[in-house]
Amino acid sequence: MTEKNHFEGKPYADRFRSEQAALPNSDIQWLNDLRATSIERYEAVGLPGPKVEEWKYTNLSALKSEIYRTSKPSVGDNEKNIDEITLNEISGSKVVFVNGYFDQNRSNIIESPGIKISSLNDYVKSNPEDAKTLFENNRSKESLQNLNLALMTGGYIIEVDEVTKLAEPIQIIHVATDTAESNSLRTRNFISLAENSGAQIIERFHGENEVNYWRQNVTRVQLADGAALDILQTQTEGNGAIHMSETDIRLAADASLKHYSLNLGGKISRTEIKPTLNGKHGNVELRGAFLARDGAAHDVMTHMKHMVPECESDQVYRGVLDKGGKTAFQGKVYVAKDAQLTNADQSNKNLLLDRNAEANSKPELLIYADDVKCSHGATVGELDQEALFYLNARGLDNRDAKALLVEAFIAEVFEELSIEPVKENYLGLARAWLKAAV
Amino acid sequence: MVSTVETRQTVEKVSGDYKYGFITDIEMVKAPKGLNEDVIRFISAKKEEPEWLLDWRLKAYRHWLTMEEPEWAMLDYKKPDFQDIYYYAAPKSSDDRPKSLDEVDPELLRTYEKLGISLQEQEVLAGVAVDVVFDSVSVATTFRETLKEKGVIFCSISEAARDYPDLMRKYLGSVVPAADNFYAALNSAVFTDGTFVYIPKGVRCPMELSTYFRINEANTGQFERTLIIADDESYVSYLEGCTAPMRDENQLHAAVVELIALEEAEIKYSTVQNWYPGDKDGKGGIYNFVTKRAACRGTNSKVSWTQVETGSAITWKYPSCILQGDGSVGEFYSVAITNNFQQADTGTKMIHIGKDTSSTIISKGISAGKAQNVYRGLVKVMPNAENTRNFTQCDSLLIGDECGAHTVPYIEVKNPTAQIEHEATTSKISDEQLFYCLQRGLDVEESVSLIVNGFCKEVMQQLPMEFAVEAQKLLGISLEGSVG
Amino acid sequence: MLEIKNLHVEVGGKEILKGLNLTINAGEVHAIMGPNGAGKSTLSYAICGKEGYEITEGSITFKGKNFLELEANERAAEGVFLGFQYPVEIPGVSNMNFLKAAINSIRKYRGEEEMAAVDFLKLIRAKAAELEMDPEMLKRAVNVGFSGGEKKRNEMVQMAMLDPVFAVLDETDSGLDIDALRIVADGINRMRSPEKAILVITHYQRLLDYVIPDFVHVLSDGRIVKSGDKSLAHVLEKDGYAGLGIDESAA
């Protein structure tokens, strides 16, 4: 059975049935049951097709023509690779996933009071009741979320106690190796910050070029009263990758979230960020840049839900599209009936560098409260010719002038970022990408 | 039997200097309730249509059968039962109509009064069974003479099918194909009424063309079809609708409007839509599902849509421009007001195909009471559309905390030389603004009307003078009772 | 003309005015001074009937009428004008249209005919000229994009056009340079006549050098704590509110 406008759910359901026994913790019955119900839910709906409004700009037919096999733990050879993408200036804990599996040897989890970092598969074994509650509290109707739940191979759980503030950011590194060919890599993570605690999480998604894999990373975040979390994501998947990252964040009163992302890799990249402001004076800042070329399609979808009064949210996204690149920004701001005195802004600007590039933008406001200030702006255009000429006149050649202007266009997004190595990393990666572009 | 073939062109002067036109004087019989091929054949036969038009209708009908009513709009309503509708019905006989204004809903009369509508007009609008007095056949003749001299064709769509088959065959369905969407397909199958306009090469239509005078036909406008062709280097301004609220027994309206602008031609199409919005509890009201689309086919052609939407319980309407000709221009100026339980999902599509094309979208949505108001728009730039420009401004105003204002724009760009800008804001009438007006002596309703008119100014100033003054009053009337 | 007795006003559940008494007769100019937060603006809003300013006790009588029974616009039509401290912007509505609508509303309330368009134009041009306002400003939207001085001048033009019998000028002098201050003062002085009365609310006595008040009252913590003639303003200028034993920071 499949819902209207969806691709059939059966192929992945069949895949699940043949792989079930080999999945991690398959000796735990309640987990098997959870996986089984999840796959049923998935199968009842199927994969979203292009006629499903939210997937209008992301074509998943590649997932229909090839049925990806769930990845196996790798006995990898990627020391070098991982080292290259680690920010060594940052001394905090390091959590490494290779092909969707937690890699104990390459990780470095530093014991620190008030903070617990665990691998999902260990947590399921050692804290079954807590794990069950976590899964139960984070049910989703979305078919892809259910598919992730059914076939997840690993993930992390970060718990921060009351008032604890992390001194150093935690680095999460997801790597796909060449053994991931035709594999799906499914991780599921939970982050929970107790009252007035604070943490910064740097998350990197990386993979080998010319490897065809499907990554699906799902993260659920709970921020208690006054908690503050920064999530800083960088996506440099291989050019054959299908990348999906979905982050759902619930904010209690006075909580704040900063979510930064830079998307550079993959052939299809889908980033979903869904903050829900459930307590007064919550604050969300979303910043992101996506750069696409050579048949890559980057899709960023944000869904900001203002459920209560007096919260603020602000979104800034920039797209740069070079030859063969395609992007879509779908930003939705929802203001519930009683969420008076909401302040919600959204800005999406796109630069087209080539004839064969495409930018789509759908900034959406759904407002049910009257005493609000909401706005959005979206632009699509090419580089400012006047500015280009100005730089030419000052002696820069076209290539350098363009690179400079595009860099400035992106840099605006990361301006307020306080962790210097991350900021440098963002700009460095963007610069390298641009060098190849213009 | 007298039928449409013998539709006489009569001209009346209802009131004022510009509201001239024709009425169709026909004795009609009812087709049975419901829709099937026989009903369509009946309609076509009644209209003594050429074979090709019947085939066209049937094709549309057969396609319609395979279609589903769209659900993507943010509209919540009970879907009409399409088998419970008369698709060909005689206008109400004099016996069913009110005999005098004394029998008409006083609420309606009060609104007429506020709009400054003459008693005679009020009778016609309210459907009072009066013999319309034709003051001056000579004035009317002059009017028709003037158009004829210039070669302008302005007639009913049925007449056009008979008298101008070449133009009709060439252009009917060329902008909105018969199978375009659910409601357009339905309209294509069963349209019974409408207007045809052709402006010949190089002609600047000497007057604003208006359907306002055709108010005596208010009961048959259910499936209207309008086709306007502006030939090379011509200009026409067309006014649709009426600022006065019209009571209508038909709940479902599914009109299609097609505009074609050829080389250097310009069409200005203005609408004031004030169909019955239902009562304060959301009972009744018109379902208005309209497909309006313009093709700017010629180089430097221009189409400008201006709409003031205050009526209907449900509005589903996206007047669009297909900018094919190089240098062509599309404009959309819209005010949509929803109050009480009204719902409007309206906006535009600007499809840039030609080089150097530009479009402007100014949308002002006002939501009050328990109403929901959606702007939905698409700006699309095709790969070969060099140097296109679009500017979009969508502003929403909320009055009261039980209504909703939503903005759903789509921007799709496939050419790097495009410059697309979209801005949207949502706000409310501030207590400060209201108090400031009150302190200067304006009452609450005047204050709201003034502030809302100011909010809508950019759109209102696009309206032809004939509409502008009444439309301004209309904004205030539509929002009565929304504050305080 | 205006009689305020034992006025208690609450805003958002908090009592701001705590038993204020004030009587203003025709022909008089009164000035109310006081530190920030004393309740000066609250008094002007209470007189003019702003929503959210709840009168819990006391009375306001204007020309013998119980003002508390009238809506804000009715009070305006009775001849009360409030010069706003922060004049409000109304996008898309020209000054001209705004004033025409206001004048005709007031006339309607008084049972008078609408003003003829020609007369209106003549009048507004004359008033703009008197107050040295560029006639082009009349076509612009109400206060939109106006500088602080232009806004205040616009208030004076509105006052001249609406021809009130009683004007409350709330910090009309704040943020003005000396030229603008002179024009505002000029606007106020033009209004002085035996039939009319003016209440000037101000934090500084600067304006009172140009508009000489008959009475000066000091408002503190919701009550008038001292009244006197114009010399009181000078005392305040010299010694500050502290000289009267008022702790400005506590207010």
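**View 1. How the chains meet.** There are two pairs of chains in contact here, and the pair A and B shares the most contacts. Keep in mind that this is a predicted model. Chains A and C, on the other hand, don't touch: 16 Å separates their nearest C-alpha atoms.

**View 2. Helix H7 of chain A, mostly covered.** This helix spans residues 143-151, and nine of its nine residues are buried. The run starts with A:Ser143, A:Leu144 and A:Gln145, carries on through A:Asn146, A:Leu147 and A:Asn148, and finishes with A:Leu149, A:Ala150 and A:Leu151. So what sits over them? The cover over the buried residues of H7(A) includes two helices of chain A, H1 (10-19) and H2 (29-45). Strands of chain A pitch in too, among them E2 (47-48), E3 (69-70), E9 (183-193) and E11 (213-223).

**View 3. Helix H7 of chain C and its buried side.** In this helix, residues 231-239, the buried ones are C:Leu232, C:Ala233 and C:Leu236. They sit on the same side of H7(C) because they cover an arc of only 105° around the axis. That fits the usual helix arithmetic: with 3.6 residues a turn, an α-helix has residues three or four places apart pointing the same way. The buried residues of H7(C) pack against three strands of chain C, namely E3 (29-33), E11 (215-220) and E12 (223-228).

**View 4. The other face of H7(C), and what follows the helix.** Turned away from the buried side, this face carries the exposed residues C:Ser231, C:Lys238 and C:Asp239. Just past the end of H7(C) comes C:Gly240, with a positive phi of about 75°.

How values were computed. Residues are numbered from 1 along each chain as its sequence is written. Chains are lettered from A and ligands numbered from 1 in the order in which they are written. This is a predicted model: local features need pLDDT of at least 70, side-chain atom pairs count only at pLDDT 80 or more; totals for chains, interfaces and linings use all residues. A residue is buried if 20 or more other C-beta atoms lie within 10 Å of its own, exposed if 12 or fewer, and partly exposed in between; C-beta atoms are placed from the backbone. Helices (H or I, at least four residues) and strands (E, at least two) are DSSP runs, numbered from the N terminus. The arc is that of the directions from the helix axis to the C-beta atoms. Two residues are in contact if their C-beta atoms, placed from the backbone, lie within 7 Å.
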